[in-house]
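Please read the report below alongside the sequence and the 3D view. It goes through one helix, one loop residue and two contact surfaces.

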2 protein chains.
Amino acid sequence: MAMALMEARRDDAAWDLDDPVAMRRVIRAGDFTEHTGGVGLGYVHANVAILPKDYADEFARFCQRNPKPCPLLAMSEPGDPRLPELAADLDIRTDVPSYRVFRDGRYVEDVPDIRHLWRDDMVAFALGCSLSFEGALLDAGLPLRHIDNGETVPVYRSAIDCKPAGRFGGKMVVSMRPFKPADAIRAIQITSRFPNVHGAPVHIGKPELIGIDVNQPWQCGRVDVREDELPLFWACGVTPQVAVEQARPPLAITHTPACMLVTDLRNATLASF
Amino acid sequence: MAMALMEARRDDAAWDLDDPVAMRRVIRAGDFTEHTGGVGLGYVHANVAILPKDYADEFARFCQRNPKPCPLLAMSEPGDPRLPELAADLDIRTDVPSYRVFRDGRYVEDVPDIRHLWRDDMVAFALGCSLSFEGALLDAGLPLRHIDNGETVPVYRSAIDCKPAGRFGGKMVVSMRPFKPADAIRAIQITSRFPNVHGAPVHIGKPELIGIDVNQPWQCGRVDVREDELPLFWACGVTPQVAVEQARPPLAITHTPACMLVTDLRNATLASF
């Protein structure tokens, strides 16, 4: 979302967009079912995956083996909808603005809450998201072209295999951001500090080596790479969705893209050094 | 120097090459006037520059303004040949295997000690050297092509201007090491930990953007960059030599290339995090 749009949104807001506790309360009441761009700025937004216990154990192993695309911030007890590491009041059944329901690995519908779908064998996962490191890049004065262009970041299916775990597997999905060489080095340094939100890039330059044509994104916005720039590729939180499609659990629930779980953790607390 | 050559040297040595104190004693006695490859492995080897005080003050400012090519490890008091931060017994007039003497910015001769040239206005500088970060790269399992090929690292005059200080200035000299993309990211992370020995690269990929043809090094070995690799460019300790040539002090003394000052500091102590 373009900065100008975010600013306009902030001016029009009926709620305190900056306060994650207040925003979760509004979301919980069903009064906010939109994307979370500009909400709780500076706080960690998380990708969400909810699975029956039978699949959840394998998915936890999948995350452990693939920490760059699937950095696990928190994991619930089976049947317990709380994630107290992320926020004391958090209820994963109601606190995401919009949920995406998959049956047998296929998209079914988007719904504003999942109380009717929750069962006592459901396990909720919260995974780090690139919004956190993008904040650190912007703070360091590095330009992010997709934001300047008012686009979402372009996302590609790479040729990089994830390490399989049980029924979960598949190719790593990556996001791309172009930088001039000196800024590319700085971007690697900055994102290296945030291993819980995808960390350093997995690839730089030469997209063909990981099976990518930068002009053919799989999802989201298109961003040009200029003659004096290198494309940097980060592991992307869409990867677990691909793994869920492959595993085909009878029921799986994620957040609707861009409608993230807003937590009480500040992005800065994730910095590893 | 190739690893095999270093190993052979270690087997033949009449002295304990691993002990920096013992090696400085041998060097001080005039019994070792060679390059220091394989000597004091794991200990910091330093670039040396010795200047009259009138020029030394400007050179100190030059180092402060250009920390990537000129990372200052230690600086003596005028006329005092000791650098106690680097080793308790160190005497900069005798403890370098071979010195290079410049008059009016021009090379005159190499000499095994400089007691006859020392004056009470001379100031000694010890600057970090890429050997320290190369040790960290090798420890991490990253291949260094110039070492595998038995070559010295290729060095280029880049189009990057150093920040001038008084009479000192000129272009930044850089060294180049090629890596596959994932290794390049790792190399940036590893060398970022060592700001006192040139730190992170100053450039990656696209050599033409800093005025370089990788096939035309200015000094030292030639190393090919393969189709699936990116060239990484680090600021190089030859840069101060270029700055000295530009400043043309009546007398300047450096180490002879590859004949470094071996200190008691372990490389690992330089890691910033």
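Just after helix H4 of chain A, A:Gly141 has a positive phi of about 85°. The model is a predicted one, and the values here are computed from it.

H4(A) itself covers residues 130–139. Seven of its 10 residues are buried, so the helix is mostly covered, where buried means that 20 or more other C-beta atoms lie within 10 Å of the residue's own. The buried residues are A:Ser130, A:Leu131, A:Ser132, A:Phe133, A:Glu134, A:Gly135 and A:Leu137. The cover over them includes two elements from further along the chain, strand E7 (171–179) and helix H6 (181–192) of chain A. Strand E1 (43–52) and strand E9 (230–235) of chain A are also among the covering elements.

E9(A) also marks one end of a loop: A:Asp213 sits between strand E8 (203–204) and E9 of chain A. Is A:Asp213 buried or exposed? A:Asp213 counts as exposed because it has 9 C-beta neighbours inside 10 Å, and the cut-off for exposed is 12 or fewer. From A:Asp213 to A:Gly105 the separation is 108 residues in sequence and 27 Å in space, C-alpha to C-alpha.

Chain A is divided into two parts, domain 1 (3–128 + 247–267) and domain 2 (131–240). Their C-alpha centres lie 22 Å apart. Domain 1 of chain A gives 22 residues to the contact between them, and domain 2 of chain A gives 25 residues. On the domain 1 side, helix H1 (3–12), E1 and helix H3 (53–65) of chain A each supply at least two residues. H3(A) has the largest share of that side, with five residues.

Chain A also touches chain B, and this contact takes 18 residues from each of chain A and chain B. On the chain A side, H6 and E8 of chain A are the elements that give two or more residues. The largest share of that side, seven residues, comes from H6(A). H6(A) is also one of the elements that cover the buried residues of H4(A).

The table sets out the two sides by residue class.

| Side | Nonpolar | Polar | Charged |
|---|---|---|---|
| Domain 1 of chain A, touching domain 2 of chain A | 12 residues | six residues | four residues |
| Chain A, touching chain B | 12 residues | four residues | two residues |

Definitions and conventions
Residues are numbered from 1 along each chain as its sequence is written. Chains are lettered from A and ligands numbered from 1 in the order in which they are written. This is a predicted model: local features need pLDDT of at least 70, side-chain atom pairs count only at pLDDT 80 or more; totals for chains, interfaces and linings use all residues. Helices (H or I, at least four residues) and strands (E, at least two) are DSSP runs, numbered from the N terminus. Two residues are in contact if their C-beta atoms, placed from the backbone, lie within 7 Å. Domain bounds come from an automatic or database domain assignment. Ala, Val, Leu, Ile, Met, Phe, Trp, Tyr, Cys and Pro count as nonpolar, Asp, Glu, Lys and Arg as charged, and the others, Gly among them, as polar.
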